[in-house]
Amino acid sequence: MSPAAPRRGQSWLVALPLLLAAFLALISPAAATPEPPALEPAIAAPTATAADAALDVEILDLQPVVLTDGSDLVLRLRVANTTTDVIDTASVTVLAQEWAPTTRTSLARWLDLGRYGATLPLSTTDLEPLAAGESREFEVSVPSASFHFTTWGPRGLEVAADGTAAGIPFDADRERTWVLWWDEPTVSPTAVGVLAPVTPTVDELSGQPGALDRVLALLEQATIPGVTPVIDPVVLTLADGDPVLDGRVTAAVAALAGRSLALPWANADAAALLDANQADLYRTLLDRGSAALATAGVVPAGSVDWPLDPDLATLAGTGGDVVVLPGAAFPERSASNSTPDALATVAGRTAVVLDTELGEALRGTARVDGEDVTLTPLQQRQYIAGTLAVVTRERPGQSRLVVTALPFDDDAASAALVEVVAGLPWVTPADLPAALTGEGPATEPPAVLDAGTLPAEAILPDTALTGDKLGAIESTAATLRLAGELVVDPATVVDPLSARLSLQPSATWRQAPLARDLQFAEVAEQAATLTGGITVRASSTINMLSGSANFPVTVTSTLPVDAVVQVNLEPSDRLLREVEPRVVTVPAGGEASAQVPVVAAGWADFTVDVVLTTVAGTPVGEVVAIPVRVRADWENLGMTALVAGAGLAFVVGVVRTVRRNRATGRAAEIDAAAEELDDLARANEGEGDEP
């Protein structure tokens, strides 16, 4: 029903404001129309009911998104009999709001059926009887001229269904949304940017399948004008060795390089890390992300910090090119009569302040007087478009940058919504990197916001990582570094575990701390099996009887993979010295022998510590002491004794022979023979002297 007409004789003073408002609307299409007080619902409550919402009505679709002169609004509706009785008579009425909301608050309040009335009837459709449980779809077309638009922007739209069942009237069911009117006024469009986080969800961090399907859809969505992909470098590793999928992801990320921003590796929880004095780990994650992007040949336009609960310590401890902050953190912005520009300076950092209401709408809710109302997909689309119309109408002659963000677990279902936003006539899509460098649409200079509204230190929830857990993560990382030096093929067994461990500091795990702890326990257990099974077999006393020899050592392994170790000797006495260590490969679950060259001197009993290390020198396993008996001069003394004994035996033999010959009279014969030999020798010498 239409609003009541003024009573006859009403004072001209009451009529004057209405005339003035009409005049302003005529001379300025973008001027704000006055918001009337709340009205009673246009359809009166029935006196008797058979059941609440006996005839359920839904607005399935509304086209076009924006009405223009000469176009028709086409509604696709569905009604359903929710009772067990036949609905005898039924009608569906389409009504509209007669004024344009001028604030975000009044726009959202249209969802409150008791707040504002739909006072402009547009059409009524009578329906044939509906059997119990029956539903029916149909279309209603309304010419744009029926709305009597006087200014561009949003208007509330209501569809109401009522009737009778068994002759008894039932309560009308109503559903609301918005229509948007555009008559091509002269306005400065609002620059709108949408941040699209491309980072793994909890399920994907846990290794659930399907991660790449969602990531590829998000990267495809990021090609829509105005969308800035904020890429977690870890998505480049989700292909799990599949070269085809890896190539597709890398190519998609590389194609967006000039328009994208980079998150820290695995969207690291900077607040938790810095609060636990783990700045080095945070920098390690930053370096890991940069290396992954560089390896893939991807050069993003900049880096971004995106703390879940910002505080001054986190802002000071992180160093991205821009920090993303929630609009709710700055009450001064909410108190403004119009929407401020998204770019700002906070605590000396370049900041992008997100639009809270638009972000909630992208998640499917609207806040009405402090209460969250769930939006249907159609309401969501029209509400976002209407909100941006209200923003533009606030200051139609001055463009501003408005930035919102898709949910971190977005599945690219928002693509249609984002495309609608990019196509609105009162919007110009804006890439954030271009806006940061001044290459985007001209907007307001960045405001300096009061950083005092942020807490000085991080206020972390119970689900955030603690210092103890971060310490355990670092200990396991050290174990994996040792395993990387120890095993023969670290790329196959160690690198995948290191990659999983690097996901532990992700802020995403705050949603599922038990899943995070389970993954950590699995990685820590597997890391321990790669380092804890290398030992030196104990030995009985080893006798060293020479000055140089090989010291035998047997190394055993229970590791599931082949390992390489260096065998080092540390004698407790300087009488034994290692010449050089030996490197041996120990098969999985087997053993290997090492012969370590040593030199020895002297006589002593002592122990030799056998120390296993990696080739790089990192100790492995326990030190084993082996007893040693050194008799380094034993061989020399034995040889001397043998030579001396032989010499003595020879002398004794000669003496005994001489004595025996003399006793038998052979001595004279020997002497005569000797003289004869001497004479013969002299005769030979004389012959040689003749000429």
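User: Where is Pro 64 found?

Analyst: In this predicted model, Pro 64 is found in the loop between strand E1, which covers residues 55-63, and strand E2. The peptide bond that joins Gln 63 and Pro 64 is cis, with omega at about -5°.

User: Before going further into single residues, how many helices and strands does the chain have, and what share of its residues count as buried?

Analyst: The chain has 19 helices and 28 strands, and of its 691 residues, 44% count as buried. The chain exposes about 33,000 Å², of which carbon and sulfur atoms supply 55%. When the contacts with a separation of 6 or more are considered, residues 24 or more positions apart account for 77% of them.

User: How should I read burial for a single residue; is Leu 180, for example, buried or exposed?

Analyst: A residue counts as buried when its relative accessible area is under 20%. Leu 180, which is found in strand E7 (residues 168-181), is buried because its relative accessible area is 0%.

User: Which residues does Leu 180 touch, if those up to four places away in sequence are not counted?

Analyst: Leu 180 touches Val 65, Val 66, Leu 67, Gly 153, Pro 154, Gln 382, Ala 385, Gly 386, Ala 389 and Trp 426. A separate value concerns Arg 155, which is 25 residues from Leu 180 along the chain, while the C-alpha atoms of the two are separated by 6.3 Å.

User: Ser 144 is another residue I would like to place; where is it found, and is it buried or exposed?

Analyst: Ser 144 is found in the loop between E5 and E6, and with a relative accessible area of 6% it is buried. Leaving aside neighbours within four places in sequence, Ser 144 is in contact with Leu 67, Thr 68, Asp 69, Gly 70, Ser 71, Asp 72, Phe 149 and Trp 181.

User: How many salt bridges does the structure hold, and which side chain meets that of Arg 76 in a salt bridge?

Analyst: The structure holds 27 salt bridges, and in one of them the side chain of Arg 76 meets that of Glu 137, at 3.4 Å from N to O. Arg 76 lies in strand E2 (residues 72-81) and Glu 137 in strand E5 (residues 135-143), so this pair ties together parts that are 61 residues apart in sequence. Arg 76 is partly exposed, with a relative accessible area of 33%, and Glu 137 is partly exposed as well, with 45%. Both residues also belong to a network of salt bridges that links Glu 58, Arg 76, Arg 78 and Glu 137.

User: What does Glu 158 form with Arg 176, and how does Arg 174 meet Glu 158?

Analyst: Glu 158 forms a salt bridge with Arg 176, the closest N and O atoms being 2.6 Å apart. This pair links distant parts of the chain, since Glu 158 is in strand E6 and Arg 176 in strand E7, 18 residues apart, and both residues are buried. The side chains of Arg 174 and Glu 158 also meet in a salt bridge, at 3.5 Å from N to O. Arg 174 lies in strand E7 and Glu 158 in strand E6 (residues 153-165), so the pair ties together parts that are 16 residues apart in sequence. Arg 174 counts as buried at 18% relative accessibility, and Glu 158 is buried with a relative accessible area of 0%.

User: How are two packed helices described?

Analyst: Two packed helices are described by the angle between their axes and by the distance between those axes. Here, the axes of helix H14 (residues 467-486) and helix H17 (residues 513-529) come within 9 Å and cross at roughly 30°. That angle makes H14 roughly parallel to H17, and the crossing of H14 and H17 is left-handed. The contact is made by residues of both helices, including Ala 472, Ile 473 and Leu 480 of H14, and Phe 520, Val 523 and Ala 524 of H17.

User: Which value does phi take near Glu 184 and Asn 277?

Analyst: Phi of Glu 184 is near 60°, a positive value in a residue other than glycine, and phi of Asn 277 is likewise near 60°. Glu 184 is found in the loop between E7 and strand E8 (190-198), where it is exposed with a relative accessible area of 67%. Asn 277 lies in the loop between helix H6 (270-275) and helix H7 (279-295), and at 71% relative accessibility it counts as exposed.

Definitions and conventions:
Residues are numbered from 1 along each chain as its sequence is written. This is a predicted model: local features need pLDDT of at least 70, side-chain atom pairs count only at pLDDT 80 or more; totals for chains, interfaces and linings use all residues. Side-chain values use heavy atoms; hydrogens and water are left out. Helices (H or I, at least four residues) and strands (E, at least two) are DSSP runs, numbered from the N terminus. Buried means under 20% relative accessible area, exposed over 50%, partly exposed in between (1.4 Å probe, protein chains only). Contact means heavy atoms within 4.5 Å. Accessible areas come from the Shrake-Rupley method with a 1.4 Å probe; for residues, only the protein chains shown count as cover. A salt bridge is a side-chain nitrogen of Lys or Arg within 4 Å of a carboxyl oxygen of Asp or Glu. Axes are lines fitted to C-alpha atoms, for helices over the stretch in contact, and angles run from 0 to 180 degrees between N-to-C directions. Angles under 35 degrees count as roughly parallel, over 145 as roughly antiparallel, 65 to 115 as roughly perpendicular and the rest as oblique. A crossing is left-handed if the near helix is turned anticlockwise from the far one by less than a right angle, and right-handed if clockwise.
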